[in-house]
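Biologist: Could you take me through one part of this model slowly, the salt bridges around the place where the chains meet? I'm new to this, so please explain the terms as you go.

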There are 2 protein chains.
Amino acid sequence: VDPDRLQLVITGELARRRADVMAIDPRLAGMVDLLIGFVSAGGKRLRPEFLWCGWIAGGGTSGDGGNLDGHHGRYRSGDPETPVTAVLTVAAALELIQACALVHDDVIDRSERRRGSPSTHRAMAKVHADAGLAGDSEHFGVSAAVLLGDLALVWADDLYTTGAEALGAVQRSSSTWRAMRTEVLSGQLLDLLATADIGSGPAAQAADAMQVNRFKTAAYTVERPLELGAALAGAPAGTIAALRSFGADVGVAFQLRDDLLGVYGDPSVTGKPAGDDLLEGKRTLLLATARGALGDDPALLAELDAGIGTSGADPVRLAALIADTGAPDLVEQRISELVGSGLAALAAVDEAGRPVINAAARARLTELAHAATARRS
Amino acid sequence: VDPDRLQLVITGELARRRADVMAIDPRLAGMVDLLIGFVSAGGKRLRPEFLWCGWIAGGGTSGDGGNLDGHHGRYRSGDPETPVTAVLTVAAALELIQACALVHDDVIDRSERRRGSPSTHRAMAKVHADAGLAGDSEHFGVSAAVLLGDLALVWADDLYTTGAEALGAVQRSSSTWRAMRTEVLSGQLLDLLATADIGSGPAAQAADAMQVNRFKTAAYTVERPLELGAALAGAPAGTIAALRSFGADVGVAFQLRDDLLGVYGDPSVTGKPAGDDLLEGKRTLLLATARGALGDDPALLAELDAGIGTSGADPVRLAALIADTGAPDLVEQRISELVGSGLAALAAVDEAGRPVINAAARARLTELAHAATARRS
């Protein structure tokens, strides 16, 4: 996806939402601008990338590369750029869903920082304290973050409806949009349950981690955005099946890489403190695998269990303990297998022996599969 | 609206969403059933009532009164009941928006109870504690409530899209759906700001309270549901203008009645402790009016200000203090004026001198205006 065109659509749509809020009450500027700044600055824009690949794989036009000056992402009837702008509007919707997920996740995980800045609830708590407002600053921050996440979520739906309606694609894409949002929230609820359920054995923990990876990450980050793009373009079933198969595998591999980076990543590159996942007590396949391998060494297992989720523990020692079990190598192997099976799915052919994924989409998806699973941040 | 038919659609749609979640992971049953039970039990179903009135005012069919057996709220092509089911599906969407608003509001207000039961975050905290799960029960409860509110919000959008799409009405109704959700969240954010800003004088507080009433309550409870129903039916502009004018006035009157009940309501009827609003520090027109009237009596004003939002204060004394200022009478008078101007708006005629609101809708709206503003609970 052309990052400049995407950014133009995101910025234009957010400016319109901001105007809606300013018409209600200009005193909301500070709160709303915090949300808008977060979405505008953005992260990896991974979901828009996959949505765009699905669109191209489904036979959607990539446009003439022209600029959007003068209509700032709005549709002009008969404009050949209209379909591209409509798809990018749905891409902007995915970024807003992600904004809600991150803002609410940070409340749930009590995270202090996000993308190198204070998390939304921390930033709002600081605004409250600095202004000398009444009441508890921390609770004010959490309250504002809950509502700003909600606002991102309803705006996401508005943008999806706008884009899909402009393409005449509401009927053929709404079941995917529906599934994606129920899946990511179910994955988050499962994550909450799995994190609180520390009594289960390594095998059950590994299964839980993979279930959370599947719904909280893979479906929502890769599989459904690909399917959504393809559905918007009106792709045939074979194309959609291949994209989903690729997305499920590469999506899980993406999360497994995230898990390794959360323990062994370079803090100067990831932007997170070393071993942060260990001290937060995150339930990962990496941890479950290490616990399984330590089964015959109760002393080391007890040491590991005592340190996970304990803020005073030594993350370097815990990371070494896990490394010594060979778990990181097993997870690396799993990533390779998943990327391999994901890429293999792209080679599918239809009854007539024709590839279901066109060359342009396949080339880009191959690049993205490697980028998403071999990254350092 | 026929309460049995509405309930059938709500129950049927929730059962389908539940099945979606069970297909992801059956361990989510407990959490999701808490949300589903909350929506199924319901409150006053006020928003569906107004949506339905807008639909009837806009010329929508009221159906043949037949039953929905056999298709449980699903559309059958060519079925004369299809439009009715579609409108009731949008009504169910309004109930889910309300569920999100209440679940998240209870987190924000730290409310212990809702509709005679523990609030969602309290109920989830109890589940956590009873099951002996790891971590802080209260934070688990808040986290689960944030996610369950999000789930209600995304399901609301799914149901709106399903109903509006079935009526071919996405294009003519989506701007109202969009405005309503941005307005209610903006109203909630404003409420948060107004509650934290205790330094302003009575006039500014009265203006703030009315601004919150307008967006957090009136637009979202009456004005926009009426407009949405009318838009779904393809009503002319004159009908929509009259409905919105009625809705804005009656919606504010509804909130002013709520404010009076929050201080002087019978706890056995309202289900809330006497004077709860005073101890919670809720910023109302009633309170701002009383503070304004006490301006020439600094001692009484200081006593009132010291008690508001203070959990140890005596609500009976505070309620008496406010009553002595005459503020409740002024608020009663305001309610009467608003109901009067709201009902007057329904008498509007078009250029040809014909009523813009038909007799059936006008009769029902007149009933609802009185019921919503003269209620005891």
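Modeller: Happy to, and we'll go from the pairing of the chains to a few salt bridges and then to one helix.

First, some ground rules: this is a predicted model, where local features need pLDDT of at least 70 and side-chain atom pairs count only at pLDDT 80 or more, while totals for chains, interfaces and linings use all residues. Residues are numbered from 1 along each chain as its sequence is written, chains are lettered from A and ligands numbered from 1 in the order in which they are written, and side-chain values use heavy atoms, leaving out hydrogens and water.

Now the pairing. Turn chain A by 180°, with 0.0 Å of shift along the axis, and it lands on chain B with an RMSD of 0.0 Å (a least-squares fit on the C-alpha atoms of residues with pLDDT of at least 70 in both copies). That's how a two-fold axis relates two copies. Both copies use the same surface, too: 100% of chain A's contact residues recur in chain B (contact means heavy atoms within 4.5 Å).

On to the charges. Side chains of opposite charge can pair when their charged atoms come close. A salt bridge here is a side-chain nitrogen of Lys or Arg within 4 Å of a carboxyl oxygen of Asp or Glu, and by that rule there are 54 over all chains.

Start with Arg181(A), which makes a salt bridge to Asp157(A) at 3.2 Å, N to O. Arg181(A) sits in helix α7 (residues 170-196) and Asp157(A) in helix α6 (residues 137-166), both of chain A, so the bridge ties together parts 24 residues apart in sequence. (Helices are DSSP runs of H or I, at least four residues, numbered from the N terminus.) Both of these residues are buried, meaning under 20% relative accessible area with a 1.4 Å probe, counting protein chains only.

Arg181(A) also has a salt bridge to Asp158(B), at 2.7 Å, N to O. That one crosses between chains, from helix α6 (residues 137-166) of chain B to helix α7 of chain A. Asp158(B) is buried, as is Arg181(A).

Going the other way, Asp158(A) pairs with Arg181(B), with the closest N and O atoms 2.7 Å apart. This bridge runs from helix α6 of chain A to helix α7 (residues 170-196) of chain B. Asp158(A) is buried at 4% relative accessible area, and Arg181(B) is buried at 1%.

Last, look at helix α12 (residues 285-293) of chain A, where the buried residues include Leu285(A), Leu286(A) and Arg291(A). Among the elements covering the buried residues of α12(A) are α8 (202-233) and α9 (237-264) of chain A.

Note on methods
Helix = DSSP H or I, 4+ residues; strand = E, 2+ residues; numbered from the N terminus. Buried < 20%, exposed > 50% of the residue type's maximum accessible area, 1.4 Å probe, protein only.
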